[in-house]
Amino acid sequence: MAAEFDIVLFGATGFTGRLVAEYFAQRDPDGLRWAIAGRSADKLTALGLGVPIVIADSDDTAALEAMCRRATVVISTVGPYQLHGGKLVAACAATGTAYVDLCGEPAWMRQMIDAHHDEAQRSGARIVFSCGFDSIPFDLGVMTVQEAALARFGTPVPRIKARVRRMKGGFSGGTAASLKATLAAAARQPSLFGLLSDPFALTPGHAGPHQPTGLLPEFDPTLQSWVAPFIMAPINTKNVHRTNFLLGQRWGDLVYDEMVVTGLGDLGKAAADALVKLNPFAGDKAPKSGDGPSKEERDAGHFDILFAGLMPDGTRLDAVVTGDSDPGYGCTSKMLAESALCLLRDIEAAGGIWTPGAIMGVPLRDRLIARAGMTFTAG
């Protein structure tokens, strides 16, 4: 029997939750049956969306399971997920409900994989973390390079360098809160530092080849440019390796890293050195959870990421991924919404804890090109 709702948006009153709700309300995709959910009826009603309201608290297992039984797909924007997300993932796994979120918290993700992957397989629940700027552009960017390599060479490229060439826009307040919670958890449990530093932390039982750390500025001979550490690399790289793992190591023993391009010569080196010392989450300028930029600021944002695929003989094959709005808010809210729609409309897959690339792949990429202002090009 069909669920009452196609999609339930849990956390609709938060900043990103409101953007996702506005996206559905403005686009009204094909008669979507959707509802908004949270713990405050007054705040949900105040959004003025005119859609059904579901009351549930992230700590109330019975209410969460009741909500899940009414939905085909649940979207969660209630983070940090390590503080507020565990019981909802458990409820989805128990009820067979599909789930997408914006999680960039690898220690928590590994805990959820260990605790609920098998149950999700049994129930048919398709659980997908990291359906925003971390990590869809990177996950699908690697996929795009490898598709082109298989078509051209008949084999995947063993080395991919992701290089953020341009990016305008901020990281979300939720990202800042998640990083703070992750560091606090690691301080209480030092063993988590090993997991956080392990590129294969999300591939239980599998360890691949040595990976670049990406922790220091360096001169990249492939681009003939200086590059600096990228703050989202610790989660994105883990998701890319999990995608490869879930696809049966389709891309072989991949070596993959992500860095920010800072430029040529002494100026490029100085910029790379400065970027290492910059902490966008420090002090009074750190974004606050629930807050975010104006529509004008979001619309003025963008990103451009190069994926340089290298064959053993030095042959290079590139892909480029771009987005037309602020990566942490505008593009992220569109990616999350389209991921939910992709699971709802385009994908029939087994249950389990997935990555966007492993379960949605090409259909999701097609949606993002057609509907979310993103481009994926290879060649």
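Helices are taken here as DSSP runs of at least four residues, numbered from the N terminus. In the predicted model described below, helix α15 is followed by Gly373, whose phi is positive, near 70°. The buried residues of α15, which spans residues 361–371, are Gly361, Leu364, Arg365, Arg367 and Leu368. Viewed down the axis of α15, these buried residues fall within an arc of 160°, so they line one face of the helix. The elements that cover them include α7, α13 (327–345), α14 (356–359) and β14 (374–378).

An open sheet is formed by 7 strands in the order β3-β2-β1-β4-β5-β6-β13, with parallel pairing. Its edge strands are β3 (53–55) and β13 (352–354), each of which pairs on one side only. On average, neighbouring strands of this sheet are turned by 20° against each other, direction ignored. Within the sheet, strand β4 (residues 71–76) and strand β5 (residues 98–101) run parallel and are joined by 4 bridges. In this pairing, Val73 stands opposite Ala98 of β5. Helix α5 (residues 86–95) lies across β1 (5–10), β4, β5 and β6, and runs at about 155° to β5. Helix α6 also packs on the sheet, where it touches β5, β6 and β13; the direction of α6 makes about 140° with that of β13.

Antiparallel pairing is found around strand β9. Strand β8 (residues 218–220) runs antiparallel to β9, to which it is joined by 3 bridges, and Asp220 stands opposite Ser225 in β9. The hairpin of β8 and β9 has 4 residues between the strands, and Gln224 in this hairpin takes a positive phi near 55°. Strand β9 is in addition joined to strand β10 (residues 255–263) by 4 bridges, again in an antiparallel arrangement. The bridge partner of Trp226 in β10 is Gly263. The ring of Trp226 also has the charged end of Lys269 over it, 5.6 Å from the ring centre. Strand β9 is mostly covered, with 4 of its 5 residues buried.

The count of aromatic pairs in the model comes to 11. In one of them, the rings of Trp108 and Phe129 have their centres 5.2 Å apart and their planes at 55°; this angle lies between the limits of 30 and 60 degrees, so the pair is classed as tilted. Trp108 belongs to helix α6 (residues 106–123), whereas Phe129 lies in the loop between β6 (126–128) and α7 (136–153). The pair thus links distant parts of the chain, 21 residues apart. Both Trp108 and Phe129 are buried.

Phe138 and Phe230 form a further aromatic pair that is tilted, with 5.6 Å from centre to centre and 40° between the planes. This pair likewise links distant parts of the chain: Phe138 is in helix α7 and Phe230 in the loop between β9 (225–229) and α10, 92 residues apart. Phe138 has a relative accessibility of 0% and Phe230 a relative accessible area of 6%. Because both values are under the 20% limit, each of these two residues counts as buried. Phe138 and Phe230 belong to one aromatic cluster together with Phe133, Phe303 and Phe307.

Contacts between helix α10 and the loop that precedes α7 involve Asn239 and Ser130. Asn239 lies in α10 (residues 233–246) and is buried, with a relative accessible area of 2%. Residues up to four places away in sequence being left out, Asn239 touches Met109, Ser130, Ser135, Asp139, Leu202 and Thr355. Ser130 is found in the loop between β6 and α7. With a relative accessible area of 0%, Ser130 is buried as well. On the same basis of sequence separation, the contacts of Ser130 are Asp101, Leu102, Cys103, Met109, Ser135, Ile136, Ile235, Asn239 and Pro356. Met109 and Ser135 are thus among the residues touched by both Asn239 and Ser130.

Notes:
Residues are numbered from 1 along each chain as its sequence is written. This is a predicted model: local features need pLDDT of at least 70, side-chain atom pairs count only at pLDDT 80 or more; totals for chains, interfaces and linings use all residues. Side-chain values use heavy atoms; hydrogens and water are left out. Helices (H or I, at least four residues) and strands (E, at least two) are DSSP runs, numbered from the N terminus. Buried means under 20% relative accessible area, exposed over 50%, partly exposed in between (1.4 Å probe, protein chains only). Contact means heavy atoms within 4.5 Å. Rings of Phe, Tyr and Trp (its six-membered ring) pair if their centres lie within 6.5 Å; planes under 30 degrees apart count as stacked, over 60 as edge-to-face and the rest as tilted. A charge sits over a ring if NZ of Lys or CZ of Arg is within 6 Å of the ring centre and within 35 degrees of the ring normal. The arc is that of the directions from the helix axis to the C-beta atoms. Two strands pair if DSSP finds at least two bridges between them. Axes are lines fitted to C-alpha atoms, for helices over the stretch in contact, and angles run from 0 to 180 degrees between N-to-C directions.
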